[in-house]
Amino acid sequence: EYSARDLIEWKMGNCSTRQKPLACTLAKNKNRRIVCFKDYTFPPQFQDIDCTRLDKQISGPQYDAIKYAFKYLSENINEEIKKEYTLEDRIIFNKKMNFIKPLQNILLLALILLILTCMVTSWIRGSFFSELFFVIFPVFLLNFLLAFASERLFGIKIMRKRLNTKIESVVISWNVINAHNGVFAVHEPERWEGDKDSRRKIPESLTLWKRE
């Protein structure tokens, strides 16, 4: 799990010298979990803000004003996320995810155990244990269908787009109001970044940048 500081370091390594975030916060679900699985019915929230670089570049009253304003922005976005999670289609989706995700993990574990059993049995017998293939394939297929269903069949893309549109509206208004401070904020949804050798999944983030 990445921290806001990890994201800053990642961006610093992948941006030019002048393009480094002054502050950053990541959206995380720190609420209760079902056994050892995340509870999707609780909205992720922007809570821990890393202002290390902001503190180094700006000081005095302006630093306090920018830090307070950025925190206020994160709180406004949190409210939009909470509202989104009260909508009927989102509630239904999250309840389905609370069932699907644990099931996917259980099936994945079962698949690994079956493959290991097949390998050991084949080694003992000196020939491929083909009978287990008829068990392994349905488990693999079911896991694949669950992953496909969770992303394609429950309208998650529409819900994400709806929420991101609301958040962008909040960020744009904030940027206009705080233009005199020489900074602007950027909201980025959860995504993959980097090349093939260093590709990693980056959580939803809110970053603060200095205007050039």
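**Notebook: strand β8 and the nonpolar cores**

I began with strand β1 (residues 23-28), which pairs with β8 in the antiparallel sense over 4 bridges. Strands and helices here are DSSP runs (E, at least two residues; H or I, at least four), numbered from the N terminus, and two strands pair if DSSP finds at least two bridges between them. The model is predicted: local features need pLDDT of at least 70, side-chain atom pairs count only at pLDDT 80 or more, and totals for chains, interfaces and linings use all residues. Residues are numbered from 1 along each chain as its sequence is written, and side-chain values use heavy atoms, without hydrogens and water.

I looked up the partner of Leu26 in β8 and found Ser205. I then checked strand β5 (residues 183-188), which is joined to β8 by 6 bridges and runs antiparallel to β8. Val183 stands opposite Lys210 of β8.

Is β8 (residues 205-210) covered or open? I noted that 5 of its 6 residues are buried (under 20% relative accessible area, 1.4 Å probe, protein chains only).

Next I listed the largest nonpolar core (buried Ala, Val, Leu, Ile, Met, Phe, Trp, Tyr and Cys residues joined through side-chain atoms within 4.5 Å). Among its 24 residues, Leu54, Phe70, Leu73, Ile77, Trp174, Leu206 and Leu208 touch the most other members. At least two residues each come from β1, α3 (60-84), α6 (156-177), β5 and β8. The most come from α3, with 7 residues.

I followed Leu54 beyond its neighbours within four places in sequence: it is in contact (heavy atoms within 4.5 Å) with Leu22, Tyr63, Ile66, Lys67 and Leu208. I also noted a second, separate core of 8 residues, including Leu107, Leu114, Val139 and Leu146.

Note on methods
Buried means under 20% relative accessible area, exposed over 50%, partly exposed in between (1.4 Å probe, protein chains only).
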